[in-house]
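Here are my notes from a read through this one, written for someone who is new to looking at protein structures. Keep the picture open while you read.

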Amino acid sequence: MTVRLDTDQEGRAVRSRKRAARRSAAEIGTPAMAVLQVAFGVLILVVWQLAAGRLVDEFMVSNPLAVISRLWEWIASGTIWIHVWATVYATLVGFAIGAAAGVVGGVWLGLSPFLSRLLNPYIWAFNALPKVALAPLFILWFGLDINSKIALAAVLVVFLVFVSTFSGVREVDRDLTDSLRLMGASRSQILFKVVLPSATSWIFVGLKTSVPYALIGTIIGEMIAANRGLGYLVQLAGSEFDTAGVFAALVVISVLAVIFNEIVGSVQLRMEGWKVVGR
Amino acid sequence: MKSIRFALVAVLSAMVMCTAAAAQEAVKIVNIGHGYFSGPLYVAVREGIFKKHGLDAEVITVKGGALAFQAVFTEEADFGILSYEHVLTAAAQGRNIVSIFNIADRPLNNVVADNELLEANKDKSLAERVRALKGHRVGTPSAGGSGEKMLRVLAREYGLTLPGDVELAYLGGDPAAYVGAFRGDVVDAAMPFEPAGVLLEQEGLGGTLINIMSGEVEAFRDLIFMTVATYPGMLEKNPELVKKVVAAFLEAQTVLLDPERGKAIMAAEFPKLTPEANDRAYETVRQIWTEDGRMTLEGAKKVYDYLQPEGTATIDYEATFTNAYLPE
């Protein structure tokens with residue numbers, strides 16, 4: 001009896017210590033987390049550098065120093081900025097068009113049960129299509145210039161934003177809208193004072209999710225037909241057997257994705273300042 | 001007085017700009033990827049040959065010959081570097097574009113093999129080397145593409161069945177895919193676009209088993225192969241522009257074929273190739289670049305013979321190419 005009690009107490013003490021450790025890891029401050037994130041990134045780079053040429057053929061994976069050297073070469077010569085700007089411009093315009101269309105479509109169908117039922121199978125059927133397979137068609141329709149890249153980015157964004165906006169509008173508290181209607185509110189008042197503010201979180205989920213897709217659409221368009229842009233750089237580097245160049249372009253693409261994501265997050269914080277997050 | 005001076009400056013500036021614009025005619029050219037075979041295009045850009053012929057050339061890279069064809073056919077691009085195979089395939093479907101300059105008169109591929117296959121078939125005849133592919137896996141760029149079709153011609157000629165005796169693997173157009181495939185023993189042989197074969201050799205993974213690019217196979221010699229093409233409307237509405245483009249390519253081709261200049265220009269265009277790799281690539285691809293860009297009916301028909309394009313339209317070969325813009 002005494003032995004079992006001791007074992008139980010020991011077990012409880014161990015579990016208690018583990019719970020305390022998990023809580024303190026979860027509560028780690030932002031500066032400390034940033035340091036850990038950087039350290040983790042450096043660890044990956046070190047492993048990559050050591051593995052290249054030893055465990056994996058360097059032709060296949062290059063190495064971090066070669067990638068950094070290529071990046072620096074592009075930055076020093078200034079050539080990278082033309083390509084960055086081409087990609088950023090197409091991504092932003094495509095994102096704006098896709099987001100606007102997605103929000104408008106999501107709100108419109110969310111407020112119209114008849115239309116949403118009518119169009120539902122067609123929307124989901126089109127959503128299931130691998131849209132990047134549309135890239136050659138878009139080149140045909142919109143040409144070799146930036147328009148086809150913008151169109152591809154927009155079409156990848158519109159469905160993601162539409163789906164989340166639609167869901168957000170459908171989730172609005174019916175009691176709230178009914179109450180306002182009883183008080184004589186017009187449709188536009190209900191839309192702008194209840195529906196849209198309520199759906200904001202959902203809309204931003206869609207926007208944040210779709211940011212990388214806007215970039216993907218642009219990059220794919222540039223890989224297929226372009227003479228500038230980060231996707232074009234990836235293709236060019238690949239065709240010149242320049243693995244370091246491929247990775248360097250991918251690094252720039254990743255950095256852009258992070259920046260775009262942060263921008264959307266900041267806009268969301270400003271627009272949802274009125275919301276009570278937790279009590 | 002001030003306003004008169006401003007007006008004068010504005011008018012003079014406009015005249016200068018118009019003159020400059022008139023001197024340089026804008027032209028959009030599509031290129032398939034950044035292939036080594038498009039040597040004259042890179043020479044024309046780097047050596048200012050387009051400018052010399054009054055052309056302000058914008059080069060757009062597209063992924064794949066089908067897209068290049070599409071860009072020219074839809075008049076999105078003025079000219080394109082594309083395979084005569086695409087011209088014939090389109091003609092068989094009743095869609096016409098016209099080749100105006102023959103960049104290469106042989107295919108862009110050799111049959112390369114791993115070291116084991118190479119060693120076992122050293123100094124053997126062409127027939128024996130083709131038959132040596134029996135029971136092996138061969139990589140080609142794409143399903144139903146010209147690489148596969150050429151392999152079928154060789155197989156048929158020397159008693160092999162395809163598929164059956166030879167298993168095919170589709171590896172795309174990028175050389176890195178072939179390096180990976182050979183390293184991983186995914187294939188024993190391949191028909192990549194050169195200079196992928198040069199790269200394989202440099203990596204010690206294999207070498208050329210059948211040298212199609214040197215003219216070893218009669219069926220693949222003296223073809224219309226890689227051409228500069230345009231849409232028929234361009235020939236009607238702006239023959240002077242066509243003449244300028246052809247003249248630029250002809251001059252660029254001449255420079256390219258000069259080993260002293262051509263090799264250096266290609267080295268600058270492909271800076272990531274080692275000097276040795278560039279030398280080998282240049283020597284390999286130089287075999288297929290034409291001297292004068294001329295095309296022949298025999299060359300057109302030879303392409304048809306191995307390609308056998310699908311389509312119901314009767315092909316008017318004379319409508320698919322023209323030497324009219326080449327100097328006499």
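The points below go from chain A to the shared sheet, then to the chain contact and the domains.

1. Before anything else, remember that this is a predicted model. For chain A the average pLDDT is 86, and 93% of the residues score at least 70. That confidence varies along the chain: helix α1 (residues 2-26) of chain A has the lowest mean, 69, while helix α5 (residues 79-110) of chain A has the highest, 95. I'd keep that in mind when you look at helix α1 of chain A, with its mean of 69.

2. What is chain A built from? It has twelve helices and one strand. Going along the sequence, the pattern reads α-α-α-α-α-α-α-α-α-α-β-α-α. Try tracing that order in the viewer, and look for the β that sits between helices in the pattern.

3. Now for the overall form of chain A. Why is chain A described as more spread out than a compact globule? Its radius of gyration is 25 Å, and the globule rule gives 19 Å for 279 residues, so chain A is well over that value and more spread out than a compact globule. Along its principal axes, the C-alpha trace of chain A spans about 80 × 70 × 35 Å.

4. Two more numbers help with the inside of chain A. Of its 279 residues, 35% count as buried. Then take the contacts in chain A with a separation of 6 or more: residues 24 or more positions apart account for 75% of them.

5. Here's a part I'd spend some time on: a sheet with strands from both chains. Six strands form an open sheet with mixed pairing, in the order β1(A)-β2(B)-β1(B)-β3(B)-β10(B)-β4(B). Which strands stand at the edges? They are β1 of chain A and β4 (98-104) of chain B; each has a single partner strand, so one side of each is left without a neighbour in the sheet.

6. Zoom in on where the chains meet in that sheet. β1(A) is joined to strand β2 (residues 55-62) of chain B by two bridges, and these strands run antiparallel. A:Ala225 has B:Val62 as its bridge partner in β2(B), and A:Ala226 stands opposite B:Thr61.

7. Further into the sheet, the partners both come from chain B. Eight bridges join β1(B) to β2(B), and that pair runs parallel; in it, B:Ala26 has B:Asp56 as its bridge partner. Strand β1 (residues 25-32) of chain B is also joined to strand β3 (residues 79-83) of chain B, by two bridges and again parallel. There, B:Ile29 is partnered by B:Phe79.

8. The sheet is one part of a wider contact between the chains. How many residues does each chain put in? Chain A gives 21 and chain B gives 24. On the chain A side, the elements that give two or more residues are α3 (58-61), α7 (135-142), α10 (187-224), β1 (225-226) and α11 (230-239). Of these, α11(A) gives the most, with five residues. By class, that side of chain A has 13 nonpolar, five polar and three charged residues.

9. Chain A also has a domain division worth checking: domain 1 is 12-55 and domain 2 is 62-271. Taken over C-alpha atoms, their centres are separated by 32 Å. Domain 1 of chain A puts five residues into the contact, and domain 2 of chain A puts in four. The domain 1 side divides into three nonpolar, two polar and no charged residues.

10. Last, chain B. Its domain 1 comes in two stretches, 2-106 + 222-319, and its domain 2 is 111-220. The C-alpha centres of these domains lie 29 Å apart, and the contact takes 17 residues from each of them. On the domain 1 side, α14 (275-286) and α15 (297-307) of chain B are the elements that give two or more residues, and α14(B) has the largest share, five residues. By class, that side of domain 1 of chain B has eight nonpolar, five polar and four charged residues.

Key:
Residues are numbered from 1 along each chain as its sequence is written. Chains are lettered from A and ligands numbered from 1 in the order in which they are written. This is a predicted model: local features need pLDDT of at least 70, side-chain atom pairs count only at pLDDT 80 or more; totals for chains, interfaces and linings use all residues. Two residues are in contact if their C-beta atoms, placed from the backbone, lie within 7 Å. Helices (H or I, at least four residues) and strands (E, at least two) are DSSP runs, numbered from the N terminus. Ala, Val, Leu, Ile, Met, Phe, Trp, Tyr, Cys and Pro count as nonpolar, Asp, Glu, Lys and Arg as charged, and the others, Gly among them, as polar. Two strands pair if DSSP finds at least two bridges between them. Domain bounds come from an automatic or database domain assignment. The radius of gyration is taken over C-alpha atoms; the globule rule is 2.2 Å times the number of residues to the power 0.38. A residue is buried if 20 or more other C-beta atoms lie within 10 Å of its own, exposed if 12 or fewer, and partly exposed in between; C-beta atoms are placed from the backbone. pLDDT is the predictor's confidence in each residue, from 0 to 100.
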